[in-house]
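Biologist: Please go through this structure with me. I would like to start from the side chains and work out to the overall form.

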Amino acid sequence: MTNQNFLSKKHQCLVLLKLCSSIRHLSQIHAQIVISNLHQDSFLLTELVRFSSISPFRNLSYAHSLLFNSLNSTPSTWNMLIRGYASSDSPQNAIWVLKEMRKRGLKRNKLTYPFVLKACAGAGALEDGRQVHGEIVKHGLDDDVYVENNLVNFYGCCKKIMDAKKVFDEMDERTVVSWNAVITACVENFCIEDALGYFVNMKDCGFDPDETTMVIMLSACAELGYLSLGRLLHLQVIERGMVLNCQLGTALVDMYAKSGDIGYASQVFERMEEKNVWTWSAMILGFAQHGFAEEALELFVKLMTNSHIRPNCVTFLGVLCACSHAGLVDDAYHYFREMEYVHGIKPMSVHHGAMVDVLSRAGRLKDAYTFITNMPIEPDPILWRTLLSACSIHNVNDTDGVGDKVRKRLLELEPRRSGNFVIVANMYAEAGMWDRAANVRRFMRDGGLKKMAGDSCLQLNGSIYQFFSGYDSKFDLAGIYPLLDTLTLHMKLINLL
């Protein structure tokens with residue numbers, strides 16, 4: 001083939017690749033490339049791998065086959081396959097591709113490692129990720145901000161928050177993405193105070209929070225029920241002129257609902273011009289959890305009749321929660337079946353738990369027991385504990401034997417959980433079986449099982465204080481107890497106690 005014909009054929013193939021719209025078309029173009037003896041052209045190979053790895057029509061198996069049978073591939077081509085696997089349902093394959101790169105002596109670069117780290121985070125592959133971190137340091141790429149951002153994210157996803165914070169704290173260069181990564185790591189690992197600290201430091205270091213920052217912080221406020229900070233963040237969103245899109249609006253609705261201001265959550269929801277399924281679900285679940293069952297179910301009906309949006313698993317969790325609060329057992333069964341057989345959403349453990357709660361609250365203990373034993377998945381201890389608590393309320397004398405069966409199964413699953421024994425002891429005491437109650441308490445004492453201390457939170461002057469039953473030496477409570485004594489005396493004087 002002359003050089004001119006070669007370039008002409010190559011140009012034709014490149015044009016066809018640009019117009020390609022399916023893997024079937026790609027395989028036809030690939031066949032043309034092979035027939036034209038262009039299969040060892042690295043640029044054409046790169047375009048083939050690009051389409052089959054990261055395009056909307058991708059086929060990672062096809063890309064994998066292309067690369068592993070090639071003799072003239074470049075590192076950038078392998079990076080594309082790693083990127084494709086990292087965002088797929090099998091991220092662990094990206095780690096395997098990296099190992100193949102090492103075996104072939106291909107040079108890894110700063111575009112290789114971020115996607116490998118993303119894959120390690122997705123697969124929960126802590127040890128592989130640590131090895132990659134070592135390799136990053138060895139190749140002198142540990143000062144690249146893009147690589148370091150992904151290291152923070154990786155350690156956060158693997159629940160190694162101290163490592164995530166260490167990587168961030170040692171970064172010479174940071175971006176807003178860096179701050180968002182470490183704040184996200186703290187929030188997802190329930191280190192809310194650290195998240196708040198980084199948020200304050202971010203502003204002190206001259207970085208303006210973006211929409212993502214606000215969504216992360218609102219999520220933290222929702223988990224903590226920190227309404228005053230959530231309102232302050234909302235004010236900043238308004239002052240900065242941020243658009244109330246689906247993501248930000250949903251975060252606000254969720255924060256207000258979980259922090260107890262269901263009225264304002266509803267106002268934000270109504271003012272949003274664009275809503276997605278998560279927005280509707282947050283509002284439905286918010287109504288349901290605050291006891292507004294009628295409003296939750298009305299909103300669900302509105303979603304189904306006036307919207308093109310299809311409900312998801314969280315939507316139905318809110319609906320079942322509403323049915324539980326309203327005592328709508330038959331409706332709960334209807335929605336539970338509709339979720340799977342109409343909308344194709346397979347019920348998860350949390351949905352089964354919601355149904356057990358519906359039946360338990362209604363006092364239908366036998367039905368709840370039957371429901372648990374007929375579940376297609378293994379019931380977890382939470383379901384058995386929910387039913388046992390219901391037995392202590394609705395049938396303390398255990399006339400139908402359900403309580404005894406549930407008690408035995410729960411103690412088999414969690415023989416060292418003190419809370420389970422407390423429920424059992426209280427049931428015996430309520431039924432007047434004092435000897436059995438005393439035996440359970442004695443068993444707890446002899447086995448070193450202690451009931452976890454109850455705790456409560458108080459929000460005062462922008463700070464949250466956590467208190468545990470009994471004295472806690474971490475706080476200076478010397479002035480609090482005399483005040484409580486004074487309040488108790490005052491309440492006795494006015495006959496409140």
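Biologist: Is Asp404 buried, partly exposed or exposed?
Modeller: This is a predicted model, and the class follows from relative accessible area, where buried means under 20% and exposed means over 50%. The value for Asp404 is 27%, so this residue is partly exposed.

Biologist: Which residue forms a salt bridge with Asp404?
Modeller: The partner lies three residues away in helix α24 (residues 402-413), about one turn of the helix. At 19% relative accessibility the partner counts as buried. The closest N and O atoms are 2.4 Å apart, and the residue is Arg407.

Biologist: Why can residues with such a spacing in a helix face each other's way?
Modeller: An α-helix has 3.6 residues a turn, so residues three or four places apart point the same way. In helix α24 the residues concerned are Asp404 and Arg407.

Biologist: How far apart are the closest N and O atoms in the salt bridge of Glu100 with Lys103?
Modeller: Both residues belong to helix α6, three residues apart, which puts about one helical turn between them. Glu100 is buried at 11% relative accessible area, whereas Lys103 is exposed at 68%. A salt bridge needs the nitrogen within 4 Å of the oxygen, and for Glu100 and Lys103 the distance is 3.7 Å.

Biologist: Which residue forms a salt bridge with Arg364?
Modeller: Arg364 is partly exposed, with a relative accessible area of 32%. Its partner is also partly exposed, at 31%. The N to O distance is 2.9 Å, and the partner is Asp367.

Biologist: How many salt bridges does a search of the whole structure find?
Modeller: The pairs discussed here include Arg407 with Asp404 and Arg364 with Asp367. Over the whole structure, the search finds 21.

Biologist: Is helix α7 largely enclosed by the rest of the structure, or largely open, and which helices do its buried residues pack against?
Modeller: Eight of the 11 residues of α7 are buried, so the helix is largely enclosed. Among the buried residues are Tyr113, Phe115, Leu117 and Cys120. Just after α7 comes Gly124, with a positive phi near 65°. The buried residues pack against α5 (75-86), α6, α8 and α9.

Biologist: What distance separates the end C-alpha atoms of helix α8?
Modeller: Helix α8 has 13 residues, 126-138, and at 1.5 Å a residue it should span 18 Å. The distance in the model agrees with that expectation, at 18 Å.

Biologist: Which helices are included in what covers the buried residues of α8?
Modeller: The buried residues of α8 are Leu126, Gly129, Val132, His133, Glu135 and Ile136. Just after the helix, Gly140 takes a positive phi of about 70°. The cover over the buried residues includes α6 (92-103), α7 (113-123), α9 (145-157) and α10 (161-169).

Biologist: What is the radius of gyration of the chain?
Modeller: The chain has 27 helices and two strands. For 497 residues the globule rule gives 23 Å, and the chain is well over that, so it is more spread out than a compact globule. The C-alpha trace spans about 105 × 55 × 55 Å along its principal axes. The radius of gyration is 29 Å.

Biologist: What percentage of the residues of the chain count as buried?
Modeller: The accessible surface of the chain is about 26,500 Å², and carbon and sulfur atoms account for 53% of it. Out of 497 residues, the buried portion is 44%.

Notes:
Residues are numbered from 1 along each chain as its sequence is written. This is a predicted model: local features need pLDDT of at least 70, side-chain atom pairs count only at pLDDT 80 or more; totals for chains, interfaces and linings use all residues. Side-chain values use heavy atoms; hydrogens and water are left out. Helices (H or I, at least four residues) and strands (E, at least two) are DSSP runs, numbered from the N terminus. The expected span of a helix is 1.5 Å times one less than its number of residues. Buried means under 20% relative accessible area, exposed over 50%, partly exposed in between (1.4 Å probe, protein chains only). Contact means heavy atoms within 4.5 Å. A salt bridge is a side-chain nitrogen of Lys or Arg within 4 Å of a carboxyl oxygen of Asp or Glu. The radius of gyration is taken over C-alpha atoms; the globule rule is 2.2 Å times the number of residues to the power 0.38. Accessible areas come from the Shrake-Rupley method with a 1.4 Å probe; for residues, only the protein chains shown count as cover.
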